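Here is a short report on how two chains meet and on two local backbone features. Have the model open as you read.

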Amino acid sequence: MNLRAEIHEVLDEVAPDSPGLVARAEAHVNAQARNRSARQVRRWARPLRGSLGLVAAALLVVLLAGIFFAGRWWRDTHALPQSVIQTTLTNLEHRPLLFPTIAPGAACPTSPIVLYPRGGLAIGDGPVYFIDRNPGSVSSWGSWQQLRFVYWATRGGIALIRGRDLGSNKAIAFAQDPLGASRITAAGANLGADQIVDKKVQRRSEAYFRDPGNSPPQTPALFPLETVFVGLPAGASGCVGLQFDGPDFTQNFVISWSHSGL
Amino acid sequence: MQQVADLKALPVSESTFADLLKPLIEPGFRLALAMLHDSHAAEDAVQEASFTAWRKLGRLRDQGRLKPWFLGVVANKCRNARRARWSGVEIGVPEQLSVVSGEEKTLGGADLRRAIARLGHDDRLVVVLYFYLDMPLDEVAAVAGSSFGATRARLYRAVKKLRPDVAIEEALR
């Protein structure tokens with residue numbers, strides 16, 4: 001027996017019959033072909049999904065940019081130009097200060113504490129309410145306190161804030177709150193730099209409530225607390241008169257610097 | 001050549017290729033079984049090779065050589081199957097393939113099967129194609145992806161490993 005015949009014999013001996021093999025192979029090809037077709041459909045959709053994702057991302061960017069620029073446009077078109085603010089402040093500065101005069105040695109005529117319409121206590125009968133204060137810091141120039149107000153604006157326009165130490169007739173100073181955002185802006189003459197809670201500030205002669213816009217909130221609860229730092233020079237009496245001149249009002253009250261809270 | 005004519009005339013589709021493929025399934029299975037010594041693995045290899053061939057039919061340049069091309073795909077599937085289950089491969093004849101026959105014949109057949117199983121993949125491939133599937137040497141070379149001369153040399157070496165005492169020319173008859 002030659003090698004070819006031997007190999008035939010030994011391999012044929014162990015080769016099992018495999019009935020239905022052709023049918024199974026054909027079924028396998030058909031099944032795989034169907035799976036492949038489905039995968040191809042998904043493959044066609046894959047770049048489309050990527051494109052749609054890019055379009056969605058682009059739309060999101062456009063939307064965010066639109067919101068951003070619309071916000072800037074709204075702010076720019078509705079905020080008063082600096083020249084208008086300055087003119088308004090100058091006009092308001094012409095209003096006389098209506099502080100009470102204090103005789104030497106007399107007690108400070110602090111304004112009464114009233115029930116604040118939103119609850120709690122306040123000084124002032126509106127539209128400006130003095131709500132609270134936080135002790136600030138003491139510098140070589142004087143002492144600072146963070147005063148907290150609510151301004152119930154009934155119409156648009158800025159409201160000027162001025163003040164004096166009534167016992168010594170010294171000017172008091174205002175500083176932009178370095179600790180957080182506030183709609184009270186320190187303005188007027190720059191009286192020099194100072195330090196509040198390790199933060200450098202500029203002493204200014206006055207401050208103002210920013211314009212709430214033509215449609216101020218109608219619900220008092222929506223008026224936020226606004227803060228400003230008020231500085232009292234060394235040697236002042238601590239009897240402080242504050243005057244608020246708005247578009248249709250003038251209001252003033254007297255607070256004692258030595259009090260905590262109201 | 002009838003297959004070639006069909007292949008060129010008809011579009012590639014499941015049914016077309018299944019018709020062309022059917023005559024190749026049986027030799028493909030015999031090749032896989034001889035290469036893997038495992039009927040289940042052999043059937044898997046043939047099925048995978050069938051699908052691979054269906055997918056790549058368009059790349060077949062010389063469509064007249066469908067059979068060697070398909071068997072080449074089967075051989076590659078067998079090589080991959082052996083690699084995948086390398087740790088489980090028995091270099092020898094699996095027990096389920098043993099046969100019950102005359103004692104001496106069984107021993108002699110087992111020796112030859114074991115000797116074939118010990119051959120490397122490429123040597124075993126040319127042996128199985130040439131001696132078991134009775135393919136001419138040029139088609140064996142096509143399946144193995146080698147030149148005619150290299151395939152012949154490989155076949156000589158493989159025969160020497162199987163039957164060191166047999167003259168080559170006699171063995172190749």
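In this predicted model, the side chains of A:Arg4 and B:Asp134 form a salt bridge, with 3.0 Å from N to O. This pair crosses between chains. A:Arg4 sits in helix H1 of chain A, while B:Asp134 lies in the loop between H6 and helix H7 (137–144) of chain B. Between chain A and chain B the count is 4 salt bridges. Over all chains it comes to 11.

Polar contacts also span the interface of chain A and chain B. There are 10 residue pairs of this kind, with both residues at pLDDT 80 or more. On the side of chain A that touches chain B, the elements giving two or more residues are H1 and helix H2 (21–78). The residues of that side divide into 12 nonpolar, 6 polar and 8 charged.

Now take the interface as a whole. The size of an interface is often given as the accessible area lost when the parts come together. Chain A and chain B bury about 3,100 Å² between them. Carbon and sulfur atoms carry 67% of that area. A:Leu3, A:Arg4 and A:Leu11 supply 21% of the area that chain A buries against chain B, more than any other three residues. In terms of contacts, 26 residues of chain A meet 35 residues of chain B.

How do the axes of H1 of chain A and H6 of chain B cross? The axes of H1 (residues 3–14) and H6 (residues 121–132) come within 9 Å and cross at roughly 100°. H1(A) is therefore roughly perpendicular to H6(B). The residues that meet include A:Leu3, A:Ile7 and A:Leu11 from H1(A), and B:Val127, B:Tyr130 and B:Phe131 from H6(B). A:Arg4 is also among the H1(A) residues in this contact. By class, the contact of H1(A) with H6(B) has 7 nonpolar, 1 polar and 2 charged residues.

Two backbone features of chain A remain. Most residues other than glycine have a negative phi, and most peptide bonds are trans. The table lists two spots to compare with that rule.

| Site | Backbone value |
|---|---|
| A:Gly126 to A:Pro127 | cis peptide bond, omega near 0° |
| A:Asn169 | positive phi, near 60° |

Where are these spots? A:Pro127 is in the loop between strand E2 (121–123) and strand E3 (128–138) of chain A. A:Asn169 lies in the loop between strand E5 (159–165) and strand E6 (170–171) of chain A.

Notes
Residues numbered from 1 in each chain as written. Chains lettered and ligands numbered in written order. Predicted model: local features only at pLDDT ≥ 70, side-chain atom pairs only at ≥ 80, totals over all residues. Heavy atoms only, no water. Axes fitted to C-alpha atoms, helices over the stretch in contact; angles between N-to-C directions. Helix = DSSP H or I, 4+ residues; strand = E, 2+ residues; numbered from the N terminus. Parallel < 35°, antiparallel > 145°, perpendicular 65-115°, else oblique. Contact = heavy atoms within 4.5 Å. Nonpolar A, V, L, I, M, F, W, Y, C, P; charged D, E, K, R; others polar. Buried area = accessible area lost by both parts, 1.4 Å probe. Polar contact = N/O pair within 3.5 Å; in protein donor to acceptor, adjacent residues only side chain to side chain.
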